[in-house]
Amino acid sequence: MAPRLCSISAAARRLLGGPGPRARDVAAVAAARFYSKDNEGSWFRSLFVHKVDPRKDAHSTLLSKKETSNLYKIQFHSVKPECLDDYNSLTEAVLPKLHLDEDYPCSLVGNWNTWYGEQDQAVHLWRFSGGYPALMDCMNKLKNNKEYLEFRKERSQMLLSRRNQLLLEFSFWNEPQPRAGPNIYELRTYKLKVPPPPGPHLPPTFLAAVLLSRYLEPGTMIEWGNNWARAIKYRQENQEAVGGFFSQIGELYVVHHLWAYKDLQSREETRNAAWRKRGWDENVYYTVPLVRHMESRIMIPLKISPLQ
């Protein structure tokens with residue numbers, strides 16, 4: 001598939017250089033290469049794919065829940081392999097105190113070790129009820145919390161690296177709620193293409209518009225949200241959908257989908273069942289071109305995790 005996309009992209013770039021027989025011939029050849037009997041239906045569907053209205057507001061306003069003001073923080077800690085057990089013990093001793101202390105406007109959503117994916121990694125998901133003011137209130141209080149400062153100092157000796165992101169939850173996903181186990185969790189991370197700045201006026205030809213809309217202009221977070229708002233219904237029958245988030249601070253244009261399964265076999269069966277539902281394939285078809293990188297982590301909950 002990749003060579004076809006490259007050919008079409010190159011043809012489209014030549015097409016933009018100006019009208020003329022050479023440009024039309026190249027574009028026609030590229031379109032012919034891409035078109036085949038096998039993908040006839042999907043190719044014609046792509047010509048009439050629903051286009052998102054021009055954005056008039058921030059992603060956070062259009063995509064996040066209006067009835068809540070929850071802000072989430074996800075932390076990724078790469079732990080020295082020989083320190084992982086000590087890290088988990090230290091974490092389990094300190095973090096629940098913050099979770100239970102009503103004076104701190106933060107709560108644990110989930111805590112995991114990565115099982116498949118990047119090894120010797122811990123992932124923590126926090127919720128701040130009240131948005132950015134709650135986050136700042138919590139951070140200011142932690143500056144004076146001697147136990148927490150000592151915890152950070154001791155923890156730092158066990159880490160190779162750490163990073164975090166501030167997230168908002170998609171309006172169409174259910175809010176993460178504690179659940180009983182045992183479960184395994186999959187965190188699927190999608191790094192989306194970043195929309196280009198507005199370009200020059202394009203020649204008003206049908207073929208040019210098709211090539212540009214499908215292969216030159218990257219997708220946006222809004223397009224992702226529109227498609228998944230329809231797709232999520234296909235992935236809720238087994239209660240596997242835990243939460244969906246998009247980044248606000250940290251690396252941008254990043255989406256995290258969190259799923260729960262009883263085991264790896266259950267994961268396989270649940271995912272395969274989605275492909276037998278009419279409409280799921282179309283949603284996948286329209287979202288795959290929006291992605292520049294994707295990653296899957298299979299994670300095991302820590303003892304303190306509300307998501308077990």
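Twelve nonpolar, three polar and six charged residues make up the lining of the second largest pocket. Keep in mind that this is a predicted model. The pocket has a volume of about 440 Å³. Among its 21 lining residues, those closest to the centre are Lys-73, Met-139, Leu-142, Tyr-148 and Arg-152. As for secondary structure, the elements that each contribute two or more residues to the lining are strands S1 (70-79), S3 (121-129) and S4 (159-169), together with helices H5 (84-100), H6 (131-142) and H7 (146-156).

Strand S3 is also home to Ala-122. This alanine is buried, with a relative accessible area of 0%. Setting aside neighbours within four places in sequence, Ala-122 is in contact with Gln-75, Phe-76, His-77, Tyr-87, Trp-112 and Asn-113. Take Tyr-87: it sits 35 residues from Ala-122 along the chain, yet the two C-alpha atoms are separated by 9.0 Å.

Now for the packing. Nonpolar side chains tend to be buried together in soluble globular proteins. Here the largest nonpolar core has 50 residues, and the ones with the most contacts inside it are Phe-128, Phe-170, Leu-192, Trp-224, Trp-228 and Val-255. Helix H5 supplies the largest share of this core, six residues. Apart from it there is another core, of 16 residues, including Ile-74, Leu-125, Leu-167 and Leu-187.

What does Leu-192 touch, once residues up to four places away in sequence are left out? The list runs to Thr-220, Met-221, Trp-224, Tyr-253, Val-255, Leu-290, Val-291 and Arg-292. Two of those names, Trp-224 and Val-255, are also among the residues with the most contacts inside the largest core.

On to the cysteines. A disulfide is a covalent bond between the sulfur atoms of two cysteines. How many disulfides does the count come to? Zero. Cys-106 shows why: its sulfur is 3.5 Å from the closest cysteine sulfur, in Cys-138, and that is too far for a bond, because the cut-off for a disulfide is 2.5 Å. Cys-106 is buried, and so is Cys-83.

Here are the relative accessible areas of three buried residues side by side.

| Residue | Relative accessible area |
|---|---|
| Ala-122 | 0% |
| Cys-106 | 6% |
| Cys-83 | 15% |

Each of these counts as buried because the cut-off is under 20% relative accessible area.

Note on methods: Residues numbered from 1 in each chain as written. Predicted model: local features only at pLDDT ≥ 70, side-chain atom pairs only at ≥ 80, totals over all residues. Heavy atoms only, no water. 1 Å grid on protein atoms, 1.4 Å probe; cavity = no way out; pocket = protein on both sides within 12 Å on 5 of 7 lines; lining within 4 Å. Points joined across faces, edges and corners; volume = space filled by probe spheres on them. Helix = DSSP H or I, 4+ residues; strand = E, 2+ residues; numbered from the N terminus. Nonpolar A, V, L, I, M, F, W, Y, C, P; charged D, E, K, R; others polar. Buried < 20%, exposed > 50% of the residue type's maximum accessible area, 1.4 Å probe, protein only. Core = buried A, V, L, I, M, F, W, Y, C linked by side-chain atoms within 4.5 Å. Contact = heavy atoms within 4.5 Å.
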